[in-house]
Amino acid sequence: MTLWDTLVGSLPVVVGGVAFCSILYMVYFLYPILLGHVIPFTQANMAVPDQCKMIFDMALKHANHADPDVAVPSINCVSEIATNHYSTLGDTAPGADSAYIQRVFNILVPALSNDEEDTALCAANFWCLLARHELLLRLEAEELGSENIPAGRVSRHFVMGALDWLFEPLLKCLLQQEDEQTPESWNMAIAAQTCLREFARCCGDEIARRVLPFVMANLQDADWHKREAAVAAFAVILDGPNWQQNAADLNRFVEFLCTRIQSLGGCHPLEKQTIAWALAQVCECQVGLVRSQNLVSKVVDACSILLGTGVAEAEQGCWALRALAEACQEDANINNGQHELAPILQPVLTRLIAVAEGDISHKGQRLQFAAYSTVAQLVLCCPASLFSMLAEMVQFLCGKLDTLSPRIAQLTLANDPNSLEEPFFTQLEELICSSLQYILTRIGTDGLPGATQPASYWLSQMLGGVNNTLLNVLKRNPKPTKNTTLQACSTVGAMVSLASLVSESTGGVDVSSLVAQYIDVVLPYLDDPDQFDVYGIVAGVLADFARALGPERLITGASDFVTRLCRCYQHPDLLLDCRAPIISALADILSELEDKGVQFLPAVMQVYQHASSIVPINGEDIDEIDEVQNIRRSTLSGYSQIINAFLDMGGRGPMTDHIAAIMTFCKNSTEDELSTTGVVIAGVGLLADIAVYYKAVFEQYIQGQDARMWLTKLMNAAREDAQEVEDGPSVMQYAGPVLRRYTL
């Protein structure tokens, strides 16, 4: 007998035997609560028509009850049915009398206007859940359709069919704002906004067609409730509809927001916050159109005004700027820093720092975090010409960390579980460490500002300041949190990499001494079996150390590095996302050591042979598949590094006996269903190295018709998709001429 059988069989007996009205009330109050817990386990029952009808009858019986204590759990039962047994609702949209969805519709559309707010909120939650579920079904069907696989579950478009009846109640709900409403509030106005957001994602242009007339009719109304509702309604439907087709409407809305922000003085406080939030939503959801419609300068000017207003408005101004900066980052990487924000980066960063250092009360903590997050993102957009500004930013951020670190130590020692400061300051410390890493990486990527003595002095001084700051953080007592430690370690890696570039270019930095200061801080993480989830980050730092030190200085600590990394790789609970960094770090170490690293090759090859055998356990787990693909790409690239490391040893070379197995792994990795462009490009590069340096083994392996067919398909795929991978074009330029003569 199932749990459902027990519930259905026992409760009617209990109800029938109860004599007192108060106990009877309690039973039908508890009935839907118990039913809601059981519904996810009633798959077999819902497949039987009579039992399915009984479950619907029980769930809907009290869904429109006057008492919210009874109605709410009943509506929650209906929500459980909709998400767990969606197909039982019916085959058509509301209007078909035979469909259960019609009964649901008849109760839960009017419930949005219920005088009892709890009941109305619960009804709104039902429609949100249904919209999310139908969106999920649609996306699932589209993904399967792209692979010519029929979808087992399809959307019946119930929300789309109900829009005409749902829309008017939701618009009325939008006008039920509270004067003291905050971002954490939950009332009918916020619930209506949430419904419209989910409907926009689910129904796209159909919701935009209905909302836009309401927006345009109320943006200039004398009643602030209508103005605020209009702004909120537009902001929540930005994700879903095709705004390319409605670009003129979006343009007018952005123009309205930017103009209104210039005269916020006469607005209600909630209206101010909503206008600022709407601008941030535009930048978050439709930044491409903001840029293509040449609205960036107006948006930035509006954000600058918001930074000087209230805390809530300034926070949204920060998020809007951050979204713009994130969109411009790719252009910064490929156009030498040239994009719409480049000419105004310096004044914007100056303004943001002033905001970040302003109000640090509890009310201003969110603003401070938003400001520093935006600073971190803007740094990624900085061109090399702004090196002096980046150097000033490093100095400022180091000073901030120097101030935060002792304060966090005090709060940690106080051990106050109710403290609001400690989690905030800890999160801020992690964010600033991340910003430092971005800046140091940016300077190293864009190139140094010239091999002059002043440049050498500036860089040496800057790195010295960063070094002292990071040592203070990592050696603090009590220890920093794990997240802060990991981010600080990543920043150490970026600092050491930049120090190596400075040493090669201008001198003035002793990389060996710099690395030596962190060995005792970083390596213990690899010795702690309970810290296995941080092994990947620490492996990346050791790889940075290896590249910075070079073969002569690395050899003294190489045994320690390799032994620890190989031991960590063998940890029974090691996460997949930690394996790829260890694989890459071992290759980096051998690559730097060259022939001096041959003593470590057996241990490293054991790791690589294991990595070559990894396959997903759950073929439907997207995250697991991604991690396996990363491992394959790292392994293929690592094999190339190791092959190139031992070229000067002459004779057969230490890798000769492994080449056939490596080629088999390459073939298996690049031709199965998990193969990606990154894996393909890494495989092509590896095969070219083998063809050049182990020609006899390569030609023996590739001589069969099947092997040549595989190589031909691989090269065709690599040529088509090379642009999708950062090093794709350079790999193909090298590998194409080498491998072309072996293809069919």
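This passage describes the aromatic pairs, charged contacts and backbone features of the structure shown above. The structure is a predicted model, and the values below are computed from its atoms.

It is convenient to begin with the aromatic side chains. Across the whole structure, the search returns 9 aromatic pairs. One of these brings together F234 and W243, whose ring centres are 5.1 Å apart; because the planes meet at 20°, the pair is stacked. Both partners can be placed with respect to the surface. F234 has a relative accessible area of 0% and is therefore buried. W243, at 1% relative accessibility, also falls in the buried class. A second pair, between F698 and Y742, has an edge-to-face arrangement, with 4.9 Å from centre to centre and 70° between the planes. This contact links distant parts of the chain, since F698 belongs to helix α31 (residues 695-701), while Y742 sits in the segment after α33 (728-739), 44 residues apart. F698 shows a relative accessible area of 0%, so this residue is buried. For Y742 the value is 4%, which means that this residue, too, is buried. Returning to F234 and W243, these two residues are joined with F253 into a cluster by ring pairs.

Charged side chains offer a second set of contacts. The whole-structure search gives 23 salt bridges. Helix α10 (residues 205-218) makes a pleasant place to start, with R209 and E206 lying 3 residues apart within this helix and therefore separated by about one helical turn. A salt bridge connects R209 to E206, and their closest N and O atoms are 2.7 Å apart. E206 also forms a salt bridge with R210, where the closest N and O atoms are 3.0 Å apart. Here the spacing along helix α10 is 4 residues, so E206 and R210 are likewise separated by about one helical turn. E206 thus takes part in a salt bridge with R209 and in another with R210. The surroundings of E206 and R210 can be read from their accessibilities. E206 is partly exposed, because its relative accessibility is 27%. R210, at 14%, counts as buried, because the buried class covers values under 20%.

A salt bridge of another kind of placement is found between R633 and D727, with 4.0 Å between the closest N and O atoms. This pair links distant parts of the chain: R633 is in helix α28 (residues 622-645) and D727 in the loop between α32 (705-721) and α33, 94 residues apart. R633 has a relative accessible area of 34%, so this arginine is partly exposed. D727, with 35%, is therefore partly exposed as well. Elsewhere, salt bridges link R132, E198, R201 and D239 in a network.

Charge also appears in a surface patch. D69, D115, E116, E117, D118, E178, D179 and E180 together form a negative surface patch. Among these residues, D69 is located in helix α5 (residues 68-84). Its relative accessible area of 44% places D69 in the partly exposed class. The patch rests on residues without a salt bridge, because membership requires over 30% relative accessible area and no salt bridge; D69, at 44%, is a member of the patch.

The backbone holds a few features that are worth a closer look. Most peptide bonds are trans, and most residues other than glycine have a negative phi. Against this background, the bond joining N477 and P478 is cis, with omega at about 0°. P478 is found in the loop between α21 (453-474) and α22 (482-505). Positive phi values occur at H157 and E594. The phi of H157 is near 60°, a positive value in a residue other than glycine. H157 is placed in the loop between α7 (117-146) and α8 (158-174). With a relative accessibility of 44%, H157 counts as partly exposed. For E594, likewise a residue other than glycine, phi is positive and near 55°. The loop between α26 (576-593) and α27 (601-611) is the place of E594. E594 is partly exposed, because its relative accessibility is 39%.

Key. Residues are numbered from 1 along each chain as its sequence is written. This is a predicted model: local features need pLDDT of at least 70, side-chain atom pairs count only at pLDDT 80 or more; totals for chains, interfaces and linings use all residues. Side-chain values use heavy atoms; hydrogens and water are left out. Patches are made of residues with over 30% relative accessible area and no salt bridge: like charges are joined within 9 Å, nonpolar side chains (Val, Leu, Ile, Met, Phe, Trp, Tyr) within 5 Å. Accessible areas come from the Shrake-Rupley method with a 1.4 Å probe; for residues, only the protein chains shown count as cover. A salt bridge is a side-chain nitrogen of Lys or Arg within 4 Å of a carboxyl oxygen of Asp or Glu. Lys and Arg count as positive and Asp and Glu as negative; His and the chain ends are not counted. The place of a charge is taken as NZ of Lys, CZ of Arg, CG of Asp or CD of Glu. Helices (H or I, at least four residues) and strands (E, at least two) are DSSP runs, numbered from the N terminus. Buried means under 20% relative accessible area, exposed over 50%, partly exposed in between (1.4 Å probe, protein chains only). Rings of Phe, Tyr and Trp (its six-membered ring) pair if their centres lie within 6.5 Å; planes under 30 degrees apart count as stacked, over 60 as edge-to-face and the rest as tilted.
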